[in-house]
Amino acid sequence: MRMSIEDPLTLAIAPPKDETPQEKDTREQAEIEARRISDAIDEQIRQERTALKKKKKSVKVLLLGQSESGKSATLKNFQLQHARHEWAEERASWRAVIYLNLVRNIVRVLNILGREMSLAEGEKRPGSTAIEYPSDSDDETTSQGIVYRFSDKHRFMQRRLGPLRSIQSDLENKLGPESLEVRSTISTSATPFDSPGSQPLPKRPSRDFGINSTNGWKSALEKLRPSMMASTRAQRRSDSDHNETTDVLVGCKETMLELWQDPVVQQVLSHRKTKIEDSPGFFLDDIDRIVSYDYEPSDNDIVRARLRTVGVQEHKVVMDDEWLLYDVGGTRSSRVAWASYFDDVDAIIFLCPISCFDERLREDRRINRLEDSYLLWKSVCTSRILAKTEIILFLNKCDLLHNKIKRGMCIKDHIPSYGSRKNDTITVMRYFQQHFKEISKQYSPEPRPFFIHFTSVIDTKATAATLSVVEESILRTHLRNADLL
C-alpha cells in the first residue's frame, strides 16, 4: 500500500483536479486580490509602527503655587498666544464670570460701609446693637476714632443695591463650586502632598485647551448657552436668565458708580488694612464700560477674571509640539493631589505672589501667605522625584508690590529680616529673589539652574514676552531629555 508524503496543507489548498479554465481564472484573480489586501494591511501596520516611533512625547508643564498666586491667569496667557480661535469662540462665556466678580466687589464695599454705618448709629444711640455684616477678610479692622459724615444718600445706596446680593447667589449657583472661595481647611500642613501616608489622586483625562470644558464651572456656563440643537424653550429660558442679570446690573449702574466714587466711601476704604484694588477680579474701575447690554469681554478682562481652580485640571495646547498644561487648586486642602503629577513632568512653573508679604491665607487666617510660599518652594525643591525637573520661578504681582510700597508700606515692619535695606521696589524684588535662590541651592537634591522671572501675569503683553522665553527653555530641555538635541 502506497503512503502519501505530501503536506496536508498543500493538499488542502491545491486546486481541484477537475478545475475548468474559467474557474482557474476566477480563483487566480481572487488570490491576487487577497494578496493585495494582505500587502496593504502589512504596509499600514508598518507605517503605524514607524509613526509611533517618530511621534514626539507631549511636553508636560505643571503650574504650582498657593491659591490666588496667578496660575490660572498664566494658563490663560498660554491660550491667548496659542489658541486664538478657541479663545474668540469662548469669549462671551466669561461675561457671567466678570459680572460675578463685579457684583462681589460691590457687595464687599456695601458690607464695609454697612459695618461703619451700623457702628456710627450705635454710638449715637447707646445700648443699641450694631448690625453684623459679613467680612471678606479678617484683616479688615474697623476704623477707630474716625468720624464719617454718613447721610441719607448712603442709606439709599444700601437699599438700592440690595438686589445685587441675590444676583451674586444666582451667579454662584449657576457657575458651581469654582465660584466659591475656600475660607477654612482641615489641612494643617502647607505641603500635604509630601506627608507620609498621603494618597495621590488619579489623574484626570486630557481635554482640549479651552475656557469651556466639559466639567466644573465651565459646564455650568454651557447651561447658560444652549447649543444650536437645543429647544427653543431652553434657549428662551437661558436668554431670560442672562437678560434678568443684565437688567438688574444696568438698572443699578448709576448707583454703583455713585457708591464707588463717593468721597465718604473712599475715605472709609482708605482706612482699611486690605485694599480692594489689590484683590483678584477687581472691576470697580470698569463699571461704566462693562455694565452694558452689548458688553463683550476684552482679552484683558478675561485674564483678570477670578474663579477658583478645583482639583487638578489638564489642558492641551498645540504649539510646534503638543503641550499638556496642568493647573492645580492651590488651597491647602487641594495640594494633596499635586504629587501624582510629579513623576513625568518636564517642567514646573512655580508662582509666588510677592505682594502678599503682609497678607494671610484666605483658608487659614493664622498663616502668612509669603511664609506659606516659602514652605511650598522648599518642599518642591527638596523633592527627589523632581530632582532633574526644570523649575521656573515666577515672582508674581510685582505691580501690586510696587503699589503697596508707593503707598508707604514698610517691608521691615512685616519681614524683620529685611533689616535696613532700602524700601524701594527693586531692592525688595532682589531680596525676595535671593531668598528663593538660597532655598533652592540649600534644599535641591542635586545642583540645578535657577530660572526666575519677575511678572505681573495680568499684563498680557509683558507676559507674552516672558512665556516666549520660558517656552523655548522648556522645549530645549524636553528635546535634550528625549536625546533629540
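Apart from neighbours within four places in sequence, Glu172 is in contact (heavy atoms within 4.5 Å) with Leu100, Arg104, Ser179 and Leu180. Glu172 lies in helix α7, residues 163–175, where helices are DSSP runs of H or I with at least four residues, strands are DSSP runs of E with at least two, and both are numbered from the N terminus. With a relative accessible area of 14%, Glu172 is buried; buried means under 20% relative accessible area, exposed over 50%, and partly exposed in between, with a 1.4 Å probe and protein chains only.

The model is predicted, so that local features need pLDDT of at least 70 and side-chain atom pairs count only at pLDDT 80 or more, while totals for chains, interfaces and linings use all residues. Residues are numbered from 1 along each chain as its sequence is written, and side-chain values use heavy atoms, with hydrogens and water left out.

The chain has 485 residues, of which 47% are buried, and its secondary structure comes to 16 helices and 6 strands. Among contacts between residues at least 6 apart in sequence, 78% join residues at least 24 apart.

Two loop residues that are not glycine have a positive phi, and they are set out here.

| Residue | Phi | Loop | Relative accessibility |
|---|---|---|---|
| Glu68 | about 70° | between β1 (59–64) and α3 (71–82) | 12%, buried |
| Lys397 | near 65° | between β5 (390–396) and α14 (398–406) | 15%, buried |

In helix α10, residues 263–270, the buried residues are Val264, Val265, Val268 and Leu269. These residues lie on the same side of α10 because they cover an arc of only 135° around the axis, the arc being that of the directions from the helix axis to the C-beta atoms. The N-terminal end of α10 is capped by Asp262, which has a side-chain oxygen 3.0 Å from the backbone nitrogen of Val264.

A search of the whole structure finds 2 cavities of 30 Å³ or more, a cavity being a set of points on a 1 Å grid over the protein atoms alone where a 1.4 Å probe fits but cannot get out. Grid points are joined across faces, edges and corners, and a volume is the space filled by probe spheres set on the points. The second largest cavity holds about 40 Å³ of space. Its lining residues, which have an atom within 4 Å of a point, are Trp377, Cys381, Ile391, Ser440, Arg448, Pro449, Phe450 and Phe451. This lining divides into 6 nonpolar residues, 1 polar and 1 charged, where Ala, Val, Leu, Ile, Met, Phe, Trp, Tyr, Cys and Pro count as nonpolar, Asp, Glu, Lys and Arg as charged, and the others, Gly among them, as polar.

Definitions and conventions. On a 1 Å grid over the protein atoms alone, a cavity is a set of points where a 1.4 Å probe fits but cannot get out, and a pocket is an open set with protein on both sides within 12 Å along at least five of seven lines; lining residues have an atom within 4 Å of a point. A polar contact is a pair of N or O atoms within 3.5 Å; within protein, one must be able to donate a hydrogen and the other to accept it, and residues adjacent in sequence count only if both atoms are side-chain atoms.
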